[in-house]
Amino acid sequence: MKRNRESFFWTSYSDLMTSLFFVMLVLFVLTMALLHRKMVATEQELEQIKRVEKSTKDLSREYFSYNADYKKYVLKVKCYFDVNRYNIQGLDKNTRDSLKMAGEEINKFLEKNHENKYLLVVEGQASMNSEKWSQFNYELSFKRALALVDFWSKDCKIQFSKNCEIQIAGSGDGRLNVDPMRDKTEKNNQRFLIHIVPKNIITEN
């Protein structure tokens, strides 16, 4: 009787160990399959990131200069505003025409890359001037950026592609920035910076 019980115990124990081994084997295979799938997905995401980031450097060099350190475009159109002024209509016709062409270039880029979503940041800057006006330079730079977006929309009738969200910013004369993107010639800082940020470079799987 005792022997039968021992035999039954070891048989049950053997079956249990076999079942546990089978479960662990299945879990191991499943884990490896999921890891492999994740690695493939990650490689695809990295390729997509490189592709989308590269596309943001394709704007015309006639109107834009790309700064790789700050990942922003400098709008190469020289905009010399009068002191404490921000109205685009106050600029000469050649400047306004160039700004219009730059806006159309941005829209062409967005339409060309319609499969992606972007954040378009239009950033105004101001040059350092007398202390009388310096306190207003951050507000002034924002108003210049807003005036440019209004100019593109209302005067030039440019309707940016639906894959684009627009944000308007002003970085003033750089006094409050730790590492501002500034031109060495102060007058040249009456300009606009364009930042195109891909929003959907990483997708969920």
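The legends below describe an overview and several close-up views of a predicted model of a protein chain.

**View 1. The whole protein chain, with four helices and five strands.** Followed along the sequence, the helices and strands of the protein chain come in the order α-β-β-α-β-α-α-β-β. The chain has 205 residues, of which 35% count as buried, and it exposes about 13700 Å² of surface, with carbon and sulfur atoms supplying 56% of that area. When contacts between residues at least 6 apart in sequence are considered, 75% of them join residues that are at least 24 apart.

**View 2. The largest nonpolar core, a set of 31 residues.** Within this core, the residues that touch the most other members are Phe64, Ile88, Leu99, Ile106, Leu148, Trp152 and Ile194. Two or more core residues come from each of the elements β2 (72–75), α2 (93–112), β3 (118–124), α4 (137–155) and β5 (192–198), and the largest share, six residues, is given by α4. Ile106 offers a place to begin looking, and once residues up to four places away in sequence are left out, its contacts are Leu59, Phe64, Leu120, Trp152, Phe160 and Ile194.

**View 3. Aromatic rings around Phe64, and a lysine over the ring of Tyr80.** The structure holds five aromatic pairs. In one of them, the ring centres of Phe64 and Tyr73 are 5.8 Å apart and the ring planes meet at 75°, so this pair is described as edge-to-face. Phe64 and Tyr73 are both buried, and ring pairs join them with Tyr66 into a cluster. In another part of this view, Lys187 lies over the face of Tyr80, at 4.6 Å from the centre of the ring.

**View 4. Two buried cysteines, Cys156 and Cys164, and the helix residue Glu111.** Cys156 counts as buried because its relative accessibility is 12%, which is under the 20% cut-off. Cys164, at 15% relative accessibility, likewise counts as buried, and a search of the whole structure finds zero disulfides. Glu111 lies in helix α2 and is partly exposed, with a relative accessible area of 46%. Although Glu111 and Cys164 are 53 residues apart in sequence, their C-alpha atoms are 9.6 Å apart in space.

**View 5. Asp173, a buried residue in the loop between β4 and β5.** This loop follows strand β4 (164–170), and Asp173 is found within the loop. The relative accessible area of Asp173 is 1%, so this residue counts as buried. If its neighbours within four places in sequence are set aside, Asp173 is in contact with Ala126, Ser127, Met128, Ser134, Asn137, Tyr138 and Arg182.

**View 6. Pro180, a partly exposed residue in the loop between β4 and β5.** Pro180 has a relative accessibility of 24%, and therefore counts as partly exposed. Its C-alpha atom is separated by 9.4 Å from that of Tyr70, although Pro180 and Tyr70 are 110 residues apart along the chain. Leaving out residues up to four places away in sequence, Pro180 touches Tyr70 and Gly174.

Methods:
Residues are numbered from 1 along each chain as its sequence is written. This is a predicted model: local features need pLDDT of at least 70, side-chain atom pairs count only at pLDDT 80 or more; totals for chains, interfaces and linings use all residues. Side-chain values use heavy atoms; hydrogens and water are left out. Buried means under 20% relative accessible area, exposed over 50%, partly exposed in between (1.4 Å probe, protein chains only). Contact means heavy atoms within 4.5 Å. Accessible areas come from the Shrake-Rupley method with a 1.4 Å probe; for residues, only the protein chains shown count as cover. A nonpolar core is a set of buried Ala, Val, Leu, Ile, Met, Phe, Trp, Tyr and Cys residues joined through side-chain atoms within 4.5 Å. Rings of Phe, Tyr and Trp (its six-membered ring) pair if their centres lie within 6.5 Å; planes under 30 degrees apart count as stacked, over 60 as edge-to-face and the rest as tilted. A charge sits over a ring if NZ of Lys or CZ of Arg is within 6 Å of the ring centre and within 35 degrees of the ring normal. A disulfide is a pair of cysteine sulfur atoms within 2.5 Å.
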